[in-house]
Amino acid sequence: MGKALCNLENFPDAKRCLEIALEILGKKEKEDPADVSKCYLEIAIQYETMNEFETAITLLQRALKMLEKLPQEQHSLASAYARIGHLLMLTGKVSPAIPYLESAAEIMSECFGSSHYSVAYIYSNLGSAYLELDKPHKSVKMFGVAKSIMDSALGPQHIDSLEARKNMSTAYSTLGMYDSAVEMLQEAIDGYERHGPAAEDELAESKQILEDLKKKARCGSLEEPRSKPLLLP
């Protein structure tokens, strides 16, 4: 009922229902930890929908403690790590988010293989985290891993694969590697054009960024390069 009310944006009644559910679940943690932890994961989604991020994080951490003792629930464990990392980033806690995202990537790779598309999204979040922490070298590496996986699992023209190129362009630009940034963003633009009206907003934004990058690249060609090109994985 709480989920239905949440979908209807009746948040006060949704919270009351979820609080009742949590009280019941709290009494069953020892009896059925696998099912209870999964319920906590589901309820956390509802609180996230209501922008109650701190409550969602608390529930996910509660589930995490239970899932860490259940070796048969590795997929749910990885999901909990990934979502905590994501929510920590949303609330501005970027540094604490990184260990959660790294754990999620490691466990998800063990569950599904290192080339699974779900692993790519975690690496993409890691790239964003390192970029916010002003560590663009690490950011480019993480975005590069995400791009490689997405190209393989989803195809290079998938909208998320194009977003990975756009992210890499941003990281290259932060490093002052404007030629690389232009090249990567141009690949994204070429892909957005193939998607037609569905990607017109992304296309317009990317074209504007491209013009700015080209100006920086022309200016940068007269100066010493700030860094050497990175070897991507």
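A search of the whole structure, which is a predicted model, finds 0 disulfides. A disulfide requires two cysteine sulfur atoms within 2.5 Å. The sulfur of Cys39 does not meet this condition, because the closest cysteine sulfur, that of Cys17, lies 15 Å away, too far for a bond. As to solvent accessibility, Cys39 is partly exposed, with a relative accessible area of 32%. Cys111 likewise counts as partly exposed, at 32% relative accessibility.

| Cysteine | Relative accessible area | Class |
|---|---|---|
| Cys39 | 32% | partly exposed |
| Cys111 | 32% | partly exposed |

Cys39 belongs to a segment, residues 37-70, that an unreviewed UniProt entry annotates as "repeat: TPR". Over residues 37-70 the chain is 82% helix and 0% strand, and the C-alpha atoms at the two ends of this segment are 10 Å apart.

The chain as a whole contains 11 helices and 0 strands, so that its pattern along the sequence reads α-α-α-α-α-α-α-α-α-α-α. Its C-alpha trace spans about 70 × 35 × 30 Å along the principal axes. Among contacts with a separation of 6 or more, 57% join residues 24 or more positions apart.

Of the 233 residues in the chain, 42% are buried. The accessible surface of the chain amounts to about 12600 Å², and carbon and sulfur atoms contribute 52% of this area. The chain carries 26 positive and 35 negative charges, and the mean positions of these two sets are 3 Å apart.

Notes. Residues are numbered from 1 along each chain as its sequence is written. This is a predicted model: local features need pLDDT of at least 70, side-chain atom pairs count only at pLDDT 80 or more; totals for chains, interfaces and linings use all residues. Side-chain values use heavy atoms; hydrogens and water are left out. UniProt positions are given in the numbering used here, feature names are shortened, and annotations may be inferred rather than shown by experiment. Helices (H or I, at least four residues) and strands (E, at least two) are DSSP runs, numbered from the N terminus. Buried means under 20% relative accessible area, exposed over 50%, partly exposed in between (1.4 Å probe, protein chains only). Contact means heavy atoms within 4.5 Å. Accessible areas come from the Shrake-Rupley method with a 1.4 Å probe; for residues, only the protein chains shown count as cover. Lys and Arg count as positive and Asp and Glu as negative; His and the chain ends are not counted. The place of a charge is taken as NZ of Lys, CZ of Arg, CG of Asp or CD of Glu.
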